[in-house]
Amino acid sequence: MLFSSITFLYFFLPCAVLFYFMVPQKGRNFILFVMSLLFYAWGEPVYVLLMLMQIVISFVLVLLMDRFREERAGRAFYMLSVLLPFAALFYFKYFHFFMENLFGIRIKTAALPIGISFYTFQIASYCIDVWHGRVKRQENFITYAAYVTLFPQLVAGPIVRYSEIEQTLVKGMDSSELYGSLEQGIVRFAAGLGKKVLIANVIGEFAAEVLALEQRGIALSWAYAIAVSLQIYFDFSGYSDMAIGLGNIFGFHFPENFRYPFISKSISEFWRRWHITLGAWFRDYVYIPLGGNRVRMIRWIFNIFAVWFLTGLWHGAGWNFILWGLMFAVLLVMEKGCSRLSAGADISFPRYIAGFFRHLYVAAVIIISFLIFQNDTLTGAFADIQALAGCGSRIGHAAVKPEMDAYLLRNRIGILCIGLIGSTPVPLWLWQRAQERLNGIRFGAAAVRLLRVLFTAVLLLLCTAYLIDGSFNPFLYFRF
Amino acid sequence: MRKGRQKHRVIILTLLFYMAGIVLVFTLCSSKTISESERRRLAQKPKLTAASLTDKSFMEDMETYLLDHFPFRDGLRRIKAYFAYDVLRQKENNDIYVVDGYASKLEYPLDGASVRRLAGKMTSLKHQYFPNQNTWYAMVPDKNYFLAEQNGYPSIDYTQMTGILMQELEDSGQNWNDMDISSSLDIGDYYRTDTHWRQEQLFDTAAKIGEALGVGEYLKLQKADFEEHAIENFYGVYYGQAALPMKPDTIIYLTDETIEKASVWNLEENILDGKVTMSEEKGAVLKPVYRLDKLTEEMSLDKYDVFLGGASSIQVIQSPLAATDKRLIIFRDSYTSSLAPLFLEAYREITLVDLRYISSDLIGEYVDFEGADILFLYSTAVVNHAAVLK
């Protein structure tokens with residue numbers, strides 16, 4: 001089930017909230033578990049059994065691991081508890097890719113279960129954390145199952161670790177926070193829904209319109225590339241916002257997943273702001289165990305490449321994703337190298353000039369990286385990148401109609417501007433300034449509350465309108 | 001603390017009432033079966049079975065059902081349209097734009113391969129069924145022809161489209177006669193909310209075609225020759241798509257004695273258990289030229305179906321009062337439904353073939369091409385999407 005669907009918004013979510021708060025604290029994890037299973041089964045009626053099986057197996061293995069911790073069997077159970085979820089992930093997501101690329105054998109595997117990349121990482125992190133004593137083993141199966149299946153973050157993250165929500169799962173929601181958390185959750189969810197439905201989807205329409213053209217001009221190629229980056233950002237961060245908001249509604253505090261990544265001045269900063277929970281997962285469970293940066297340079301470079309190869313592969317079984325990941329590895333190594341080289345050098349640029357060029361560099365890299373990310377084939381990605389330089393198969397010198405390019409740009413200029421501004425902290429900054437000013441005057445606080453209510457209601461109404469219109473399906477008497 | 005709680009309650013209660021209200025209205029409102037603005041039957045509640053659960057069709061159908069029956073659906077679509085136009089400054093909504101009160105659907109770019117495909121279809125039909133007969137063709141320009149370019153909207157290159165078709169037909173070595181009807185039309189000849197042209201505005205066009213076919217002298221094409229009948233509140237196909245408030249059109253259909261005496265046979269209404277009763281055979285179902293029975297929701301969701309009853313693979317119009325014994329066969333789309341009655345003064349029999357609904361290989365079983373004039377009359381939108389022709 002998608003958050004941005006009528007089924008979820010108007011039927012599933014109200015029921016889930018109602019049942020959750022109707023039952024006493026003790027029964028809430030059970031409600032969450034059952035509702036999460038229903039949520040998942042709505043989209044994956046068969047694979048819900050696979051997920052359940054993985055939950056049961058990992059629960060039992062962790063139990064055995066904990067019981068035989070001091071014996072050799074304990075380590076074996078630990079290894080199994082980590083490897084089995086990854087084996088399932090490998091089979092469903094990567095087996096066909098490796099068979100084809102290593103052995104030239106084309107095989108047909110089953111469809112990829114929704115959210116398997118996310119819940120595999122959650123199960124693995126729990127097993128690893130219990131083994132290393134960072135968290136206590138959860139003895140209640142329902143509580144553990146509720147952690148893995150928790151529907152707000154089940155299918156698209158953020159990747160939540162057990163330690164981050166353990167307290168709410170075990171002790172329940174702090175009643176003094178109930179209303180504040182609910183309100184915060186509702187506003188955050190509405191904002192995320194707006195990002196997804198009103199911005200990402202509409203920018204996606206523009207990208208599809210451009211793709212439908214056989215050829216295009218250089219200006220439209222740049223607009224397309226920017227649109228792709230914005231679409232991916234608003235789509236993914238919108239979903240994360242919805243997840244965090246839903247978490248708040250149920251009393252959980254999920255970690256932030258995006259912090260205005262496009263304002264970064266370096267790629268390493270970008271990855272501290274983009275899909276933060278994934279970056280943190282790879283840092284804590286792969287990079288640091290490999291030795292991190294406290295090793296010789298060659299080993300450190302290897303660690304960086306290993307982590308970014310895996311990060312790329314996590315996003316999908318395709319060469320474009322691998323290339324995408326490795327591109328960041330190269331850039332991160334270069335950045336580190338440059339910062340070491342420049343550490344002793346006496347180079348003084350005015351800060352704003354340096355800042356401008358740093359932003360420019362990050363923007364160019366990000367735009368190119370998402371063209372690689374978005375394309376199904378490397379050929380398509382290279383063609384899109386070439387188009388930015390005004391050459392390649394996408395650019396049509398004779399076939400392009402400038403008026404067509406101009407129309408497409410004019411038609412979507414509004415949403416592109418909203419997307420560009422919305423991807424920076426400017427709107428939040430403006431809201432905070434307005435809030436400060438309003439709070440200083442009589443009835444100002446009431447006005448702020450009213451504005452928040454209006455903002456949420458209008459967003460929900462508009463999103464509903466877009467979802468309804470998206471289903472418009474006229475009988476056209478053959479298009480006419 | 002208590003004040004803090006109250007503060008938070010405002011937004012929580014607002015949302016609660018909003019969602020509860022929607023669900024309540026949804027539950028209480030009687031389930032509609034038809035959407036007038038979208039001119040389609042709405043999805044019905046899906047049945048829950050083991051098979052529909054495992055193949056996910058139940059979930060998909062349920063979402064469709066909820067979307068179709070959502071309270072204030074048309075109003076919400078209108079809100080979306082206003083937001084797209086006025087806030088996002090889009091120049092279209094769902095590919096529909098409105099200029100001077102006329103709604104039109106964007107049609108671009110030109111698909112040269114489609115035009116060549118149409119030419120191939122035309123030449124193969126001529127080769128198969130009427131190699132030595134006089135054959136004409138014309139393209140009906142869509143509303144974009146009059147509205148798009150001059151208002152900054154992209155449109156197909158009509159000159160190039162015509163050029164490709166002419167060249168392809170010329171290269172076939174067959175004898176084809178082209179006619180240009182675009183000069184006899186302007187935007188006022190089309191419905192504001194629909195794609196089609198208006199029958200009462202087609203005298204010049206019909207005269208032009210009649211002259212080219214050599215029957216111009218038999219046609220009566222003066223307003224005074226006909227009696228006008230109005231059908232009010234015609235919301236065309238673009239009305240629903242635009243989701244903006246637009247005044248409805250009025251369909252005016254023309255009658256005279258010749259049209260009133262004419263009868264229409266169509267293939268779909270004359271097939272029973274695989275057996276076809278042809279128009280001249282006993283027991284054939286014959287209908288009038290204007291199907292007023294199609295004005296009810298049960299029969300049709302499109303009032304334009306009043307012209308010859310709407311979509312049909314093969315139709316034969318018999319005109320006993322025609323001035324000649326000539327026969328005309330038109331390969332056509334829906335535009336011809338309102339034009340064909342104007343030729344009944346000149347032709348004893350007009351056969352309309354719609355290749356969107358019947359394969360080219362089958363038409364020989366129902367249509368006698370011998371001695372008939374042949375006309376291909378397709379709108380530019382069909383020319384640009386010729387893959388729909390079988």
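In which helix of chain A is the place of Y352(A)?

**Figure 1. A nonpolar patch on the surface of the predicted model.** Y352(A) belongs to helix α14 of chain A, which covers residues 351-374. Together with I353(A), F356(A), F357(A) and L360(A), Y352(A) makes a nonpolar surface patch of about 550 Å². The relative accessible area of Y352(A) is 64%, so this residue counts as exposed.

**Figure 2. The largest pocket and its lining.** The space within this pocket amounts to about 1400 Å³. Its lining comprises 38 residues, and those nearest the centre are A191(A), K195(A), P427(A), L428(A) and F455(A). Elements of both chains take part: α8 (178-212), α9 (218-249), α16 (402-422), α17 (426-439) and α18 (444-470) of chain A, and α4 (73-87) of chain B, each contribute at least two lining residues. The greatest contribution is that of α8(A), with eight residues. The lining divides into 24 nonpolar, eight polar and six charged residues.

**Figure 3. The second largest pocket.** The volume of this pocket is about 960 Å³. It is lined by 35 residues, with I114(A), F118(A), V155(A), A156(A) and D235(A) closest to the centre. Two or more lining residues come from each of α2 (28-43), α5 (116-131), α9, α12 (297-315), α13 (319-343) and α14 of chain A, as well as from α3 (57-68) of chain B. Here α9(A) gives the most, with five residues. By class, 21 residues of the lining are nonpolar, eight are polar and six are charged.

**Figure 4. A cavity in chain B, the second largest of the structure.** The structure contains three cavities of 30 Å³ or more. The second largest has a volume of about 50 Å³. Its lining consists of L118(B), M122(B), Y137(B), A138(B), M139(B), L165(B), F376(B), L377(B), Y378(B) and V383(B). Among the elements of chain B, α5 (112-129), β5 (135-140) and β16 (373-379) each give two or more of these residues. The lining has ten nonpolar residues, with no polar and no charged ones.

**Figure 5. Salt bridges within chain A.** Over all chains, 34 salt bridges are found. In one of them, R161(A) pairs with D284(A), and the closest N and O atoms are 2.8 Å apart. R161(A) lies in the loop between α6 (141-149) and α7 (162-171), whereas D284(A) is in helix α11 (residues 276-287), so the pair ties together parts of chain A that are 123 residues apart in sequence. R161(A) is buried at 13% relative accessibility, while D284(A) is partly exposed at 23%. A further salt bridge joins the side chains of D384(A) and R216(A), at 2.6 Å from N to O. Because D384(A) lies in helix α15 (residues 378-388) and R216(A) in the loop between α8 and α9, this pair ties together parts of chain A that are 168 residues apart in sequence. D384(A) is buried at 1% relative accessibility, and R216(A) is buried at 2%. Salt bridges also link D66(A), R69(A), R137(A) and E139(A) in a network.

**Figure 6. A salt bridge between chains A and B.** The side chains of D469(A) and R77(B) form a salt bridge with an N to O distance of 2.9 Å. D469(A) is in helix α18 of chain A and R77(B) in helix α4 of chain B, so the pair joins two chains. Both D469(A) and R77(B) are buried.

Notes:
Residues are numbered from 1 along each chain as its sequence is written. Chains are lettered from A and ligands numbered from 1 in the order in which they are written. This is a predicted model: local features need pLDDT of at least 70, side-chain atom pairs count only at pLDDT 80 or more; totals for chains, interfaces and linings use all residues. Side-chain values use heavy atoms; hydrogens and water are left out. Patches are made of residues with over 30% relative accessible area and no salt bridge: like charges are joined within 9 Å, nonpolar side chains (Val, Leu, Ile, Met, Phe, Trp, Tyr) within 5 Å. Accessible areas come from the Shrake-Rupley method with a 1.4 Å probe; for residues, only the protein chains shown count as cover. A salt bridge is a side-chain nitrogen of Lys or Arg within 4 Å of a carboxyl oxygen of Asp or Glu. Helices (H or I, at least four residues) and strands (E, at least two) are DSSP runs, numbered from the N terminus. Buried means under 20% relative accessible area, exposed over 50%, partly exposed in between (1.4 Å probe, protein chains only). On a 1 Å grid over the protein atoms alone, a cavity is a set of points where a 1.4 Å probe fits but cannot get out, and a pocket is an open set with protein on both sides within 12 Å along at least five of seven lines; lining residues have an atom within 4 Å of a point. Grid points are joined across faces, edges and corners, and a volume is the space filled by probe spheres set on the points. Ala, Val, Leu, Ile, Met, Phe, Trp, Tyr, Cys and Pro count as nonpolar, Asp, Glu, Lys and Arg as charged, and the others, Gly among them, as polar.
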